[in-house]
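Colleague: Please take a close look at the salt bridges in this model and what surrounds them. I would like one connected account, with the cut-offs spelled out.

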Amino acid sequence: MGKAMNRSRPKRSKRAKSKIKPIAKSFNCTSCGAVLSITAVGKTLSVACKSCHAIIDVNDPNYKILEKSHKASASHAPYIPIGAKGVFSGKVFECIGYMERGDGPYEWREYLLFSPYIGYRWLFEMDGHWTLLKKLHGQPDSLGNNTATYKSNEFKLFNKGTAKVLYVEGEFYWRVKSGDKSYVKDFIKPPYILSTEVIKNEVNWTFGKYIDAQTINKVFKIDKDLLYQHGVGANQPSDLAEKFNKQVKIALFALAYIFVIFLVRSKTAANEVIYEGAFQHRKTSYGSSSNFKRNEDNVTGIRKTVLTDSFYIPKKAGNLKISTKSSVYNSWIYIDALLVNKETGKGIPLATEVSYYRGSDWSEGGTSKAKHVYNVPAGNYYLNIRSRMPFHRRGYKDYTIVLRRDTLITSNLWVVGLLIIIVPFLSLFRKKSFEVRRWSNSDYSPYNYEED
Amino acid sequence: MIKLNCPSCGGEINFRSKTSVFAVCGFCLSNIVRHDVDLSLLGKQSELQEDMSPITIGSLGKFNNVPFFVCGRIIVRWEDGYWNEWYITFKNGTDGWLVEAQGDFAILTAAPSSIQIPASKDVVVGNRINLGSESFVATDIKTMTCVGSEGELPFNGIEGRESVSIDLEKSDGQFATIEYNADDGMSCYLGRYISLNKLKMIGLREFEGWGRP
């Protein structure tokens, strides 16, 4: 700033240096005599008396009564009291006016806030959801059928209707009247809302942002229970979309990660055969079954169980996979193998059932079956095998058993993959249900929500 | 700046802007008309009613990086209330207005003379009006009456001065007004809505209980 300018400041600017007491203007209500006080002196046009509900023209030298008294009951208590001061973005605002408006079954409350340095702001409350609004100069960049574009953001039409003033209290910068009607339209892009209001030929646009109910109490130092929040507010933000996007990212990353691990495993898995044998199930005419080791010379003894040669399972063998194979057809074979530790005698059950059925256009099961066991201690083992087939079957059935260690288990991959995508799926569902609830109050729901 | 003395009370009167032709004596509220260095009296103002305006004569600010100084004000009334028009002089010698209405602030400067001003009868609210290369929408037509003034002004800001004022807006916050006055003819101002914060105002009034400006 130029020095010359400062030096030659007129004397009247002195008043800027000392704080000026609020130049509140007070007068008596011309209807009931109660003291009325004006905060926004020079700007306020009308004031609604709290005692008798008359509306007075502030600028009329005789304080003309604009409206004698509008119907009002004691139940009209502004949540934010008239005269309450609160700080928004560093500036003190005073709640100077309160208005209840409605459109059919919908009712909402509006609070006029004033700051000499900023001007006016509105607080809008419906169903316990709050929005802080300011006037827009001009109008949005473009208006579509059900959209409005403002600063390159598309807002979706949420509601339109006729708003009627039901109750007023405090001061306003226009001549307020109960019953005043205006045509309103709300467009949303949560947490933002863009509203237009048409009164006669005057079009006004406001732009607002959702505000936490707790913030209202904090800002105005209100020590009351929060208003009951009903449903989802029109422009209530939700972190569900953000959460969902994050979870999708995490899930994709996790899927990629396990896929890589799987690829590595598929290259490094030993997949070593530690035992392999072919057997025959034989059913005798006596009705009891027996097993034979094929190619065994000595098949004279009919034994119910077969004991295999011993084999060695090393330390850190990894998983153990038993694969059984038998060419059953419209039948089953149950192979009850027991993996027995030679030293300790402890057995690990490895029973599998191979079954295969087939019709003209369907089939079920297959001719092989595998099973995994884990944490098998190192040592020498043998298999103790019994097999069973349906009673009515007679004759022989060949089957093979292969034991492998450190195999690649694909089923795990599917289980983990499923677990990974469950989380984003649940979150997608929650996100959608939140939006459906939001739009349930709108006639323009993109979810085609219809109440029965 | 020209320093002169009030022909009525002898008090010092400063004409900060070369374009100021009118001033209200800060001591005796006489209306003073300036013809170069000759001053003549044009009646008296009634005492201004205090309002909640944060601006005062002597407030300083910056618009488009050019410092300005608030040196006068005219208070106008229309059928639905009052507004303030603060006369400002920029450090580069030009002048303009800081308009304060319904809690909003806007800076306006005289439109270049090349701009064609439409006749008032051709302006309809809601219609598009081209001013130079910009297309505005006429948002308001009102008759305004001066109810008081202070400091210095570029026209005779006497009580009762009546003009027709048209507000024009653009969706990006650009703002223009056209004023039709019987004595001073028509004049067009271009500018934009702006917050006091962005104007980096200093020397604003402080009100008890309202925090710092």
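Modeller: What follows covers the salt bridges, then other charged and polar side chains, and then a few backbone and surface features.

This is a predicted model, in which local features need pLDDT of at least 70 and side-chain atom pairs count only at pLDDT 80 or more, while totals for chains, interfaces and linings use all residues. Residues are numbered from 1 along each chain as its sequence is written, chains are lettered from A and ligands numbered from 1 in the order in which they are written, and side-chain values use heavy atoms, with hydrogens and water left out.

Side chains of opposite charge can pair when their charged atoms come close. Over all chains, the structure holds 22 salt bridges (a side-chain nitrogen of Lys or Arg within 4 Å of a carboxyl oxygen of Asp or Glu). One of them pairs Lys135(A) with Asp104(B), with 3.0 Å between the closest N and O atoms. This pair joins two chains, because Lys135(A) lies in strand β10 (residues 129–136) of chain A and Asp104(B) in strand β10 (residues 104–110) of chain B. Helices (H or I, at least four residues) and strands (E, at least two) are DSSP runs, numbered from the N terminus. Lys135(A) is partly exposed at 28% relative accessibility, whereas Asp104(B) is buried at 16%. Here buried means under 20% relative accessible area, exposed over 50%, and partly exposed in between (1.4 Å probe, protein chains only).

Within chain B, Arg73(B) and Glu150(B) meet in a salt bridge of 2.9 Å, N to O. Arg73(B) lies in strand β7 (residues 66–78) and Glu150(B) in strand β12 (residues 134–153), so the pair ties together parts of chain B that are 77 residues apart in sequence. Arg73(B) is buried, with a relative accessible area of 3%, and Glu150(B) is buried at 3% as well.

Another salt bridge in chain B links the side chains of Lys170(B) and Glu134(B), at 2.5 Å from N to O. Lys170(B) is in the loop between β13 (162–169) and β14 (174–181), and Glu134(B) is in strand β12, so this pair ties together parts that are 36 residues apart in sequence. Glu134(B) is partly exposed, at 27% relative accessible area. Salt bridges that share partners also join Asp57(A), Arg175(A) and Asp80(B) into one network.

Asp60(A) gives a contrasting case. Asp60(A) is buried yet has no salt bridge, and Lys64(A), the nearest side chain of opposite charge, is 4.9 Å away. Lys and Arg count as positive and Asp and Glu as negative; His and the chain ends are not counted. Asp60(A) sits in the loop between β4 (55–57) and β5 (65–67) of chain A, and its side chain reaches the backbone nitrogen of Asn62(A) at 2.9 Å. Tyr63(A), in the loop between β4 and β5 of chain A, has a positive phi of about 50° although it is not a glycine. Most residues other than glycine have a negative phi, and most peptide bonds are trans. Asp406(A) also has a positive phi, near 50°; Asp406(A) is found in the loop between β28 (395–405) and α4 of chain A and is buried, with a relative accessible area of 14%. As for peptide bonds, a cis one joins Pro190(A) and Pro191(A), with omega about 5°. Pro191(A) belongs to the loop between β14 and β15 (192–199) of chain A.

An uncharged side chain can be added here. Ser178(A), in the loop between β13 (153–172) and β14 (181–189) of chain A, is buried at 19% relative accessibility. The Ser178(A) side chain makes a polar contact with the side chain of Glu67(A) at 2.5 Å (a pair of N or O atoms within 3.5 Å; within protein, one must be able to donate a hydrogen and the other to accept it, and residues adjacent in sequence count only if both atoms are side-chain atoms).

Last comes the surface. Lys134(A), Lys151(A), Arg192(B) and Lys198(B) form a positive surface patch. Patches are made of residues with over 30% relative accessible area and no salt bridge, with like charges joined within 9 Å and nonpolar side chains (Val, Leu, Ile, Met, Phe, Trp, Tyr) within 5 Å. The place of a charge is taken as NZ of Lys, CZ of Arg, CG of Asp or CD of Glu. Accessible areas come from the Shrake-Rupley method with a 1.4 Å probe; for residues, only the protein chains shown count as cover. Lys198(B) lies in the segment after β15 (185–193) of chain B and is exposed, at 62% relative accessible area.
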